[in-house]
Amino acid sequence: MNILILEDDMALCKGIELALAAPNRQFTLVPNIGNAKAVIKESAPDFFGLIVLDVNLPDGSGVDFCREIRAAGFGSPVLMLTANDTEIDMVTGLQAGADDYVTKPFSLAVLRARIDALLRRGGLAVGGLDCKADGEFVFDFEKQHFEKNGKVVELSKTEAKLLQLLYSNKGQILTRERLSERLWQDGTEYVDENALSVSIRRLRSKLEDEPSKPRFIKTVHGIGYKWAVIL
């Protein structure tokens, strides 16, 4: 796996590299956005399996850079590093396309644990789950066959795709913006701003025992939704 670390503090950059080191991992360290763009331009869209991104950089904002690479179609998981720990900063980073957010100062051991968890989730994954049995559910995304407690559940194409996005990123917060972008990629110029809320509501009505008190499809207020990990 190739990991891009974009951080202007090169001592910290090297520390992150050492903390994340593993036999199957290679690293590219860059101190600014200009260098990062040059590296990415020369690479395939899926070349980097992870991007670790500082928010405050000498030649621009890491948030803007994250937004830019998402708009260009880069789906690699992104973890943001920042000294800004207010809720609005976190929301802004997640809405820009980050998958996780760590505030400075941080323990390198904790950072590694967070990144390992992020890589297990695979960023905003959409594949690799052709058929999955999970407690009361059976989800076969390849055959578009879904069951709850042994009974078939009929889902529309949009509902099935929404379920796949949520379930294949179990435990991860997915922003409304990123979900909408993935659900309506067919060139539709206008999608009603309530379309996602309606799709969430319909999916809950089919999968939740009490749709008004969902156990699985959780709302993260001000950010988006997630499929909850039930222990």
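This report walks through a central strand, the nonpolar cores and the salt bridges of a predicted model.

**Strand S6 and its neighbours**

Let us start with strand S6, which spans residues 78-82 and has 5 of its 5 residues buried. Its side chains split into two sets: Val78, Met80 and Thr82 point one way, while Leu79 and Leu81 point the other way, and all are buried. That pattern fits a general rule, since side chains in a regular strand alternate between the two faces of the sheet.

S6 has a parallel partner in strand S3 (residues 48-54), with 4 bridges between them. Within this pairing, Val78 of S6 is the bridge partner of Ile51. S6 also runs parallel to strand S7 (residues 100-103), again over 4 bridges. Here Leu79 stands opposite Asp100 of S7. The connection from S6 to S7 involves helix H4 (residues 87-95), and the three elements make a right-handed β-α-β unit.

**Two nonpolar cores**

In soluble globular proteins, nonpolar side chains tend to be buried together. In this model the largest nonpolar core has 23 residues, and Phe139, Leu163, Leu166 and Trp227 have the most contacts inside it. Two or more residues come from each of strand S9 (137-140), helix H6 (157-167), helix H7 (176-183), helix H8 (195-207) and strand S14 (224-227). H6 gives the largest share, 6 residues.

Leu163 is a good place to look around. Leaving aside residues up to four places away in sequence, Leu163 touches Phe139, Phe141, Phe146, Leu155, Ser168, Leu203, Leu207 and Trp227. A second core, separate from this one, has 21 residues, including Ile40, Val55, Val63 and Ala96.

**Salt bridges across the chain**

Side chains of opposite charge can pair when their charged atoms come close. The model has 13 salt bridges. Three of them are set out here.

| Salt bridge | Closest N to O distance |
|---|---|
| Asp116 and Arg25 | 3.0 Å |
| Asp209 and Lys148 | 3.1 Å |
| Lys206 and Glu159 | 2.7 Å |

The salt bridge between Asp116 and Arg25 links distant parts of the chain, with Asp116 in helix H5 (residues 108-121) and Arg25 in the loop between helix H1 (10-20) and strand S2 (26-30), 91 residues apart. Both Asp116 and Arg25 are buried.

The salt bridge of Asp209 with Lys148 joins a loop to a strand. Asp209 lies in the loop between H8 and strand S13 (217-220) and Lys148 in strand S10 (residues 145-148), so the pair ties together parts that are 61 residues apart in sequence. Are these two partners buried or exposed? Asp209 has a relative accessible area of 52%, so this residue is exposed, the cut-off being over 50%. Lys148, in contrast, counts as buried because its relative accessibility is 12%, which is under 20%.

The salt bridge of Lys206 with Glu159 connects two helices, H8 for Lys206 and H6 for Glu159, with these positions 47 residues apart in sequence. Lys206 counts as partly exposed because its relative accessibility is 31%, whereas Glu159 is buried at 5%.

Finally, which residues are joined into one network by salt bridges that share partners? They are Glu136, Lys148, Asp209 and Arg215.

Key. Residues are numbered from 1 along each chain as its sequence is written. This is a predicted model: local features need pLDDT of at least 70, side-chain atom pairs count only at pLDDT 80 or more; totals for chains, interfaces and linings use all residues. Side-chain values use heavy atoms; hydrogens and water are left out. Buried means under 20% relative accessible area, exposed over 50%, partly exposed in between (1.4 Å probe, protein chains only). Two strands pair if DSSP finds at least two bridges between them. A crossover is right-handed if, with the strands pointing away from the viewer, the path from the first strand over the helix to the second runs clockwise. A nonpolar core is a set of buried Ala, Val, Leu, Ile, Met, Phe, Trp, Tyr and Cys residues joined through side-chain atoms within 4.5 Å. Contact means heavy atoms within 4.5 Å. A salt bridge is a side-chain nitrogen of Lys or Arg within 4 Å of a carboxyl oxygen of Asp or Glu.
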